[in-house]
Amino acid sequence: MNLACTSVRQEIDTIAPYVPGRSIDEIRERYGLDQIIKMASNENPLGVSPLVQESIRRHADMVFRYPREGNPRLAAALATFHKVSPENIVIGNGSDEIIDLLIRLRVTPGKDNIVCCTPCFSIYPLQASICGTEIRREPLNVDFSFNFEALRAKVDQNTRLVFITTPDNPSGYCPSRDALLAFARSLPEQTLLVVDEAYMDFADDELSASLLTSGVYPENTAFLRTFSKSFGLAGLRLGYGILPKELAQYFWRVRLPFSVNILAEEAGLAALADKSFREATLRTVREGRTFLTKELSATGCTVYPSAANFLMFAPPAGSLQAVPLFEKLLQHGIIIRPLKSYGLEHLLRVSIGTHDENRLFLKALRDCIK
Ligand SMILES: *Cc1c(COP(=O)(O)O)cnc(C)c1O
């Protein structure tokens, strides 16, 4: 029944919901399996740092307090980590919240537009459509690289944000730092380039791949990073951005005052301090990526080059197609990600696991396509 008092704005009515990876409990129950391996959501293969767990336990008795507004200790630690001023740092309930607020801060519904790729991380167009914003989408090249010239051609005087993910999700593609810099410099002055570097620290050489790490970037650029991947805090929801100072001030003015909770802030501080856990994570992912790339290719899969903690691949020609292969892997207790919701029905994405998980995934895959 559709009551007049429950109808929603027209732009909400047409929105397709976000499609998350399948959960372990759901698959365990459905197939009655003991062991489930989840390689679907690009989470940290090593789990949570022991120092982070210790910090969460130590601060459990503080959760009756409201957090301090503006998360100043974490902002200071992040500023040191990235060698920027604390005034450039913003922090959110996942980078998802920062994406949402950037759109709401900068874009006037019905007048302005945003530009992104297709396919791209679905949160950009999803939050933009909730805001009633025009979304201009430029297809990726066939090899999943960015067509910067065509993206630039989509930008006009009403374009307030351009979203680029590097390394890209779901392909793992990482454009050269110079190409991205040239693109940023080509944009008109009212357009802010948002570079989402959620996976950048997994690149083999972060310094040469990242505009943020280079420290030499134009004023019209904002960067997004997250604690969800290499820092292993996806479930606590903590993301951050490096923004031009003026925009960062507006961000803090409109962010809900307590959207980042006390335990997330403490965990973020501990995660930044635990250098050895993070180094172990990066080593595990880089080695696993090389190993899985080689082994998947040996089974006849087409594997796309990736600088991230996941690989996009197509099953061997003449074997099971991507979606049936995904479903058959579920019966073996392995959850990966079909890319149908990205419009890539012939492709799959697998997150890099521990060495054991990678081997069990490969064994199940070989069984499935035999
Ligand atoms: C995982 C991911 C993020 C991180 O989102 P959080 O809200 O911080 O968990 C951001 N951007 C992309 C492209 C991602 O894949």
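In which loop, between which two helices, is the place of Ser210? Select Ser210 and the stretches on either side, and you will find this residue in the loop between helix H9 (206-209) and helix H10 (211-214), where helices are DSSP runs of H or I with at least four residues, numbered from the N terminus. This is a predicted model, in which local features need pLDDT of at least 70 and side-chain atom pairs count only at pLDDT 80 or more, while totals for chains, interfaces and linings use all residues. Residues are numbered from 1 along each chain as its sequence is written, and side-chain values use heavy atoms, with hydrogens and water left out.

Stay on Ser210, which is buried, with a relative accessible area of 0% (buried means under 20%, with a 1.4 Å probe and protein chains only). Add Glu197 to the selection, since the side chains of Ser210 and Glu197 make a polar contact at 3.0 Å (a pair of N or O atoms within 3.5 Å; within protein, one must be able to donate a hydrogen and the other to accept it, and residues adjacent in sequence count only if both atoms are side-chain atoms).

Next, select the ligand and the residues around it. Of the 14 residues there, Asp196, Tyr199, Thr226, Ser228 and Lys229 come nearest (a residue counts as near if one of its heavy atoms lies within 4 Å). Turn then to the oxygen atoms of the ligand: one is 2.7 Å from a polar side-chain atom of Arg237, and one is 3.0 Å from a polar backbone atom of Asp96.

Technical notes
Buried means under 20% relative accessible area, exposed over 50%, partly exposed in between (1.4 Å probe, protein chains only).
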